[in-house]
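Okay, everyone, thanks for coming. I've got one structure to walk you through today, so let's put it up on the screen.

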Amino acid sequence: MTPRKEKFSYITDDSARKATFRIRKEGLLKKASELSTLCGIEACVIIYSPYDTQPVVWPSPEGAQSVLSEFKKMPTMDQSTRMMNQESFLRQRIANANQQLQRQSKDNREKEITQVMFQCLAGQGLESLNMMDLNDLGWLLEQNLEGIDKGIDTLTKASHSQGSVATASATMATPEAMLKSGEKVQAESPECEGSTETEDWQQMIEELMHPSEDVGQGLVLPFGDNNPTAFFP
């Protein structure tokens, strides 16, 4: 069962007001003690009331005096930065409530126009809409179309990137892989050079695949330290 929401206003009945003061005072002192213990901060509470001959001071007059002394040492601007009285507190609460109301009204309006848009797509006419409704409906349609265009662009770019990667992987074949698979390597050359260069490449690869006994005798391969400009160390 949800608790009953209490109306905050001045209590006109004297006995009820006194009983409420006693309960609220104990709750306030308890909360101040919990805040100081859990968070390790210095706090004090001073309460003046017509029901007590002396003001209620928590945690003690010395502790309250220490906290007030530290507060007075602060610059004047720093003292008033977070200071708030009842009027400023209520004004802040009202401003926050107005902002929340505006956000909720905007959300409700968008849902209402969305429902109108679906009704129009189902075949219902626009005769019952006024100028404000038509403007809001046009804005909502533009937002949805922009979202659809962005989605199409994203999917198109993704498909193009996947297609280019697949094409590159399909067309890329190194001579080492082709040699391992037993295939003949045929180097591509410009048409102007004719077939001579192609035959030279084939002959060189055949020699690499079937080396003779004389290979390596008195021959210095262009790798490692023998060639300062070699690509591989």
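I'll start with confidence, then go through the fold, and finish on one residue.

First thing to keep in mind: this is a predicted model. Across the protein chain the pLDDT averages 77, and 68% of the residues score at least 70. Two stretches fall below 50. One of them is residues 185-192, which has 12 contacts in the model beyond near neighbours in sequence. The other is residues 215-233, with eight contacts counted in that way. Please keep those low scores in mind when you look at the contacts there.

Okay, the fold. What is the protein chain built from? Seven helices and two strands. If you walk along from the N terminus, you go through α-β-β-α-α-α-α-α-α. So you meet a helix, then the two strands, and after that it's helices to the end of the list.

Now, how much of the protein chain is buried? Of its 233 residues, 10% are. The accessible surface comes to about 20600 Å², and carbon and sulfur atoms account for 57% of that. As for contacts with a separation of 6 or more, 27% are between residues 24 or more positions apart.

Last bit: let's zoom in on D133. You'll find D133 in helix α5, which covers residues 131-171. Is D133 buried or exposed? It's buried, because its relative accessibility is 16% and the cut-off is under 20%. And what does D133 touch, once you leave aside neighbours within four places in sequence? That would be R109 and I113.

That's my tour, folks.

Key: Residues are numbered from 1 along each chain as its sequence is written. This is a predicted model: local features need pLDDT of at least 70, side-chain atom pairs count only at pLDDT 80 or more; totals for chains, interfaces and linings use all residues. Side-chain values use heavy atoms; hydrogens and water are left out. Helices (H or I, at least four residues) and strands (E, at least two) are DSSP runs, numbered from the N terminus. Buried means under 20% relative accessible area, exposed over 50%, partly exposed in between (1.4 Å probe, protein chains only). Contact means heavy atoms within 4.5 Å. Accessible areas come from the Shrake-Rupley method with a 1.4 Å probe; for residues, only the protein chains shown count as cover. pLDDT is the predictor's confidence in each residue, from 0 to 100.
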